[in-house]
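Q: Could you walk me through this one? I have the sequence and the model open.

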Amino acid sequence: MEKSPIYLDCHSTTPVDRRVVDAMLPFFTEHFGNPSSLHSYGWSAEAAVKKSRETIAQSINSQPEEIVFTSGATEANNLALKGVAEAYFNYGKHIITVQTEHSAVLDPCRYLESLGFEVTYLPVNGDGLVELSILEKAIRPETILVSVMAANNEIGVLQPLKEIGALCQDNDVLFHTDAAQAIGKVPLDVQAMNIHLMSMTAHKVYGPKGIGALYVRRRQPRVNLAAQLHGGGHERGMRSGTLYPPQIVGFAKAVELAMAEMVSERERLVGLRSQLYHHLSQLPDIHLNGHPSQRLPGNLNVSFGGVDGQSLLLGLQPTVALSSGSACSSASTAPSHVLKALGRSDRLAYASLRFGLGRFTTASDIQQVGKAVVETVEALRSLA
Ligand SMILES: *Cc1c(COP(=O)(O)O)cnc(C)c1O
């Protein structure tokens, strides 16, 4: 039988942890009730949802009522951006975001531009970080929202949320962050970081796909959002639709596990990542993309001079499942917008690999992958 390739694509998605599956199972069958129902089936589902909401809220230092469940981070981003635009357009029609955001932020922003909003797409420095002085200059009296992601899905860099939050607070502007890649991996605190809205998803932290949440601040200030899904008035009227207890319980279990294991897991992943980078460094003409240390523990993104990215991925495919820099638009052949924003040439932007290490990555995986990448790059370069 053919061996499955080693999975190093944890920024795309992660397997569901067994412990998460076990927590979810009773909610498909025994406790199948609708949390809105006024009988014992409903109550037991509602109790599980309540407990899950508390777990998720606690992990970001918010209140349970501030968590609005959604189908994932794409929906949470859409709700945050469109919901704020629709609720605050009387105050101004200017939004600030960053060139390196995920398409689930960039595309709603482009949509809002088509409705007459004005959007500033901030550049980043060579390490992929937003410069505070540039952000400060971009804020205008009519700015209603700043949206800056917590951790980048391609290069893993961690934006300075606390400093950005303070700047937004000083200028009376709402601050949204897409934390899809960050939850459970790096500490997040909506109070200390002055965050007003935060998008989350379960499937990047060993939870199920199809569930996520938007944190919506209730006081100092109370954030108003225009609902994008209308119906039964669930989730304080911000997101109608019957709640999905198995997914919600799984999301909370995934967050609980990730929080409990965050410190030890960070140390382990940083160790494995530096072994991998060390191994790759025997090759000449390689370039690390993104800040060397201010990044997700499991992320490594490297460009290889003189090779074609597609051939490299194809050559590695039997050994390792990973993505090129342009992963999130893998159907398109354009070079990664993130690597271009760092100032990488088309040539280097094409020839990049994104390594996403995770909970189930072992030292032996890293050795095999390091060896395979070095051999494949050398083979492709000798052909060129
Ligand atoms: C994966 C991802 C999303 C999309 O999340 P879904 O839950 O799959 O909709 C949004 N933003 C970032 C940064 C991501 O990594």
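Q: Which strands does helix H4 lie across?
A: Helix H4, residues 103-114, lies across E3, E4, E5 and E6, and it runs at about 145° to E4. Helices (H or I, at least four residues) and strands (E, at least two) are DSSP runs numbered from the N terminus, and angles run from 0 to 180 degrees between N-to-C directions of axes fitted to C-alpha atoms, for helices over the stretch in contact, where contact means heavy atoms within 4.5 Å.

Q: Anything I should know about the model itself?
A: This is a predicted model, in which local features need pLDDT of at least 70 and side-chain atom pairs count only at pLDDT 80 or more, while totals for chains, interfaces and linings use all residues. Residues are numbered from 1 along each chain as its sequence is written, and side-chain values use heavy atoms, with hydrogens and water left out.

Q: What order do the strands of the sheet come in?
A: The open sheet has 7 strands in the order E2-E8-E7-E6-E5-E3-E4, with mixed pairing; two strands pair if DSSP finds at least two bridges between them. Strand E2 (67-70) and strand E4 (118-122) are the edge strands, each pairing on one side only.

Q: Switching to the ligand, which residues are around it?
A: Among them are Ala73, Gln181 and Lys204, each residue having a heavy atom within 4 Å of the ligand.

Q: How far is the side chain of Gln181 from the ligand?
A: An N or O atom in the Gln181 side chain is 2.7 Å from a ligand oxygen atom, and a polar side-chain atom of Lys204 also lies 2.7 Å from an oxygen atom of the ligand.

Key. Polar contact = N/O pair within 3.5 Å; in protein donor to acceptor, adjacent residues only side chain to side chain.
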